[in-house]
Amino acid sequence: MDRRRFFTSAACAAVAAHAVPAFAQRGGAPDYDWQIGPVIRGRNYSVNMPDHPIADGRGWYFDFPGPRASDGHVHYITRATGPLGGARGIRFRYRIDARPGVRFVPQETPDLPGTVSLYLQAAGDDWRGRGRSEFSRWYSPNETMFELSPGVHEHTVMFDDNWISVMGSNRQRNPREFDQMLDNAGTVGLTFGSRMFRGHGVFATQPARFTLLDFSVF
């Protein structure tokens, strides 16, 4: 079944029964400041997703793929940034519209809850996670991995929290490397996955929309 047709028709039924917004595209233009990915050596790991979310007022939205892993999954949504050495943290606010009973399923660990968390990457990272790039990618601490659920949510994560590097080290053990990444930051954004694999992709078992309402580095 065509994914767009599935979400549009199923969402109309959800609106009638549960008064959540319809998920048909509203004619908004893509928000090109943000990219759905990651795109690594020409491959986009967010399967069956558009290249960019859709602009929506001051924010943007995307519809979760589903209802099966084979229909696609969303991994990362990121944007370019400059050096963050003088910043203290990130505050983000979002809304998830979905009918009761929806599950957000990590495509590699389907028995775990789906999560969203924050992500930082140094400019020029080669994605290999070895040598010079061992400390180029960092993920927000385990306690700041937030389970996906309907409603409006707001979270703040500080840069002096114990962020985790791509190879499993952390800021507490490697404070200089984390500070160097902030000074050379090139990408910031959100990852979708699970507590086992925080950026390895999520799909939804019923129509569901993620709307970013605010994302502020302060």
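**Note on a predicted model**

1. Start at Arg-41, which sits in the loop between β2 and β3 (43–44). This is a predicted model, so read each point below as a statement about a prediction. Arg-41 is not a glycine, yet its phi is positive, at about 50°. Is this residue, Arg-41, buried or exposed? Its relative accessible area is 60%, over the 50% cut-off, so Arg-41 is exposed.

2. Asn-48 belongs beside Arg-41 in your notes. Asn-48 also has a positive phi, about 60°, although it is not a glycine. Look for Asn-48 in the loop between β3 and β4 (54–56). Its relative accessibility is 45%, so Asn-48 counts as partly exposed.

3. Next, the backbone at two prolines. The peptide bond running from Gly-37 to Pro-38 is cis, with omega near 10°. Pro-38 is placed in the loop between β1 (34–37) and β2 (39–40). The bond from Gly-66 to Pro-67 is cis too, again with omega near 10°. Pro-67 is in the loop between β5 (59–63) and β6 (76–80).

4. Now the overall picture. The protein has two helices and 16 strands. It has 218 residues, and buried residues make up 50% of them. Take the contacts with a separation of 6 or more: residues 24 or more positions apart account for 76% of these.

5. How many aromatic pairs are there? The count comes to 21. Take Tyr-119 and Tyr-139 as one example: their ring centres are 5.2 Å apart and their planes meet at 50°, so the pair is tilted. Why does this pair tie together separate parts of the chain? Tyr-119 is in strand β9 (residues 115–122) and Tyr-139 is in strand β10 (residues 137–139), so the pair joins parts 20 residues apart in sequence. Both tyrosines, Tyr-119 and Tyr-139, are buried.

6. A second pair to inspect is Trp-163 with Phe-178. This pair is tilted, with 6.0 Å from centre to centre and 40° between the planes. Trp-163 is in the loop between β12 (151–158) and β13 (164–165), while Phe-178 is in helix α2 (residues 175–183). The two are 15 residues apart, and the pair links distant parts of the chain. Trp-163 and Phe-178 are both buried.

7. Rings also join into a cluster. Ring pairs link its members, among them Trp-34, Trp-60, Phe-62, Tyr-94, Phe-146 and Phe-215. Then check two arginines. Arg-43 lies over the face of Tyr-45, 4.0 Å from the ring centre. Arg-91 lies over the face of Phe-218, 4.6 Å from the ring centre.

8. Helix α2 also holds Glu-177. Is this charged side chain, Glu-177, buried or exposed? The relative accessibility of Glu-177 is 18%, under the 20% cut-off, so Glu-177 counts as buried. Setting aside residues up to four places away in sequence, Glu-177 touches Phe-135 and Trp-138. Its C-alpha is 8.4 Å from that of Ser-136, although the two residues are 41 apart along the chain.

9. The loop between β8 (104–106) and β9 contains Leu-112, and Thr-109 is in the loop between β8 and β9 as well. Leu-112 has a relative accessible area of 31%, so it is partly exposed. Thr-109 is at 14%, so it counts as buried. Beyond neighbours up to four places away, Leu-112 touches Arg-103, Phe-104, Pro-106, Ser-194 and Met-196. On the same basis, within four places being left aside, Thr-109 is in contact with Ser-194, Met-196 and Phe-197. Leu-112 and Met-196 are 84 residues apart in sequence, but their C-alpha atoms are 8.5 Å apart in space.

10. Last, the largest pocket. Its volume is about 480 Å³. Which residues are closest to its centre? Of the 25 that line the pocket, they are Tyr-76, Tyr-139, Val-166, Gly-199 and His-200. Strands β10 and β13 are the elements that give two or more residues to the lining. By class, that lining has 11 nonpolar, eight polar and six charged residues. Note that Tyr-139 appears here and in the ring pair with Tyr-119.

Terms used. Residues are numbered from 1 along each chain as its sequence is written. This is a predicted model: local features need pLDDT of at least 70, side-chain atom pairs count only at pLDDT 80 or more; totals for chains, interfaces and linings use all residues. Side-chain values use heavy atoms; hydrogens and water are left out. Rings of Phe, Tyr and Trp (its six-membered ring) pair if their centres lie within 6.5 Å; planes under 30 degrees apart count as stacked, over 60 as edge-to-face and the rest as tilted. Helices (H or I, at least four residues) and strands (E, at least two) are DSSP runs, numbered from the N terminus. Buried means under 20% relative accessible area, exposed over 50%, partly exposed in between (1.4 Å probe, protein chains only). A charge sits over a ring if NZ of Lys or CZ of Arg is within 6 Å of the ring centre and within 35 degrees of the ring normal. On a 1 Å grid over the protein atoms alone, a cavity is a set of points where a 1.4 Å probe fits but cannot get out, and a pocket is an open set with protein on both sides within 12 Å along at least five of seven lines; lining residues have an atom within 4 Å of a point. Grid points are joined across faces, edges and corners, and a volume is the space filled by probe spheres set on the points. Ala, Val, Leu, Ile, Met, Phe, Trp, Tyr, Cys and Pro count as nonpolar, Asp, Glu, Lys and Arg as charged, and the others, Gly among them, as polar. Contact means heavy atoms within 4.5 Å.
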